[in-house]
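Take a moment with the sequence and the 3D view. Then read on for a short tour, from the whole chain down to single residues.

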Amino acid sequence: NCFERTISFFSVVICLYKIIIKMFNTYNSKDLYQSILNELSKLSFKTKYAGTKYMGECIYEVFISGKYYEYSFFNEILPIIAKRYNKSEDSIYGNIKQSIKKMTNVCDQDVIVDYFKFCEFERPKPKQIIDRVIENIKK
């Protein structure tokens, strides 16, 4: 009898925990997305580009999943964004790559090297951008 009450108590605690986490994520989703856009703007990403919007959405999806460094960009994240916008994964990825290319043409190379902690200038890959932005937001 005591064992049943303990299990029931833990079930209630777990249920309440899930509700609180869901409320927290919903309440802060606008703030989180704005923080993501702020980080992208430090790298001179232009919000008018579709690829920047898609990149922000990818970062958001990884952040709320809690997987951070344990996700597959191509197998997990890209399909979610493609489905959300009713576009092909290739189209979404092409827009992201184009946005990254434009960013690296506009942003000072020293800023990119410093932001990503590269030894020398290189064009960052989407997963590198996602991971670094999340790392900076979590600080």
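pLDDT is the predictor's confidence in each residue, on a scale from 0 to 100. The model shown here is predicted. Across the protein chain the mean pLDDT is 86. A score of at least 70 is reached by 80% of the residues. Confidence is not even along the chain. Helix α1, residues 2-27, has the lowest confidence, with a mean of 57. Helix α5 has the highest, at 96.

## The whole chain

The protein chain contains 7 helices and 0 strands. Its pattern along the sequence is α-α-α-α-α-α-α. The chain has 139 residues, and 34% of them are buried. Its accessible surface is about 9,200 Å². Carbon and sulfur atoms account for 55% of that surface.

How much of the contact total comes from residues 24 or more positions apart? Among contacts with a separation of 6 or more, the share is 55%.

## The core

In soluble globular proteins, nonpolar side chains tend to be buried together. Now look at this chain. Its largest nonpolar core has 32 residues. Those that touch the most other members are L40, M55, I59, F73, I96, I129 and I130. At least two core residues come from each of α2 (29-42), α3 (50-65), α4 (73-84), α5 (89-106), α6 (109-116) and α7 (126-138). Which helix gives the most? It is α3, with 6 residues.

Follow I96 as an example. Setting aside neighbours within four places in sequence, I96 is in contact with G51, Y54, M55, C58, F73, L78 and P126. One of these partners, C58, has a relative accessible area of 0% and is buried.

C107 is another buried cysteine, with a relative accessible area of 6%. A disulfide is a covalent bond between the sulfur atoms of two cysteines. How many does a search of the whole structure find? The result is 0 disulfides.

## Three buried residues with polar side chains

Start with T104, in helix α5. Is T104 buried or exposed? T104 counts as buried because its relative accessibility is 8%, and the cut-off is under 20%. Its side chain has two polar partners to find in the view. A polar atom of the T104 side chain lies 2.9 Å from the backbone oxygen of K101. The T104 side chain also makes a polar contact with the side chain of R123, at 3.0 Å. Beyond neighbours within four places in sequence, T104 is in contact with I112, F121, R123 and P124.

Next comes Y71, in the loop between α3 and α4. Its relative accessible area is 7%, so Y71 is buried. The side chain of Y71 makes a polar contact with the side chain of D131, at 2.7 Å. How far apart in space are Y71 and K127? Their C-alpha atoms are 9.3 Å apart, while the two residues are 56 residues apart in sequence. K127 is also among the contacts of Y71. Leaving out neighbours within four places in sequence, the full set is V62, E76, I77, K127, I130 and D131. I130 appears again here: it is one of the core residues that touch the most other members.

The third is E61, in helix α3. With a relative accessible area of 12%, E61 is buried. Its contacts, apart from neighbours within four places in sequence, are I77, I80, I81 and R84.

## Two loop residues with positive phi

S44 sits in the loop between α2 and α3. Its phi is near 70°, a positive value in a residue other than glycine. Y68 is in the loop between α3 and α4. Its phi is positive too, about 45°, and Y68 is not a glycine. Are these residues buried, exposed or in between? S44 is partly exposed because its relative accessibility is 22%. Y68 is partly exposed as well, since its value is 21%.

## Accessibility side by side

The table gathers the values met above.

| Residue | Relative accessibility | Class |
|---|---|---|
| C58 | 0% | buried |
| C107 | 6% | buried |
| Y71 | 7% | buried |
| T104 | 8% | buried |
| E61 | 12% | buried |
| Y68 | 21% | partly exposed |
| S44 | 22% | partly exposed |

Key:
Residues numbered from 1 in each chain as written. Heavy atoms only, no water. Core = buried A, V, L, I, M, F, W, Y, C linked by side-chain atoms within 4.5 Å. Buried < 20%, exposed > 50% of the residue type's maximum accessible area, 1.4 Å probe, protein only. Helix = DSSP H or I, 4+ residues; strand = E, 2+ residues; numbered from the N terminus. Contact = heavy atoms within 4.5 Å. Polar contact = N/O pair within 3.5 Å; in protein donor to acceptor, adjacent residues only side chain to side chain. Areas by Shrake-Rupley, 256 points an atom, 1.4 Å probe, with all protein chains shown as cover. Disulfide = S-S within 2.5 Å.
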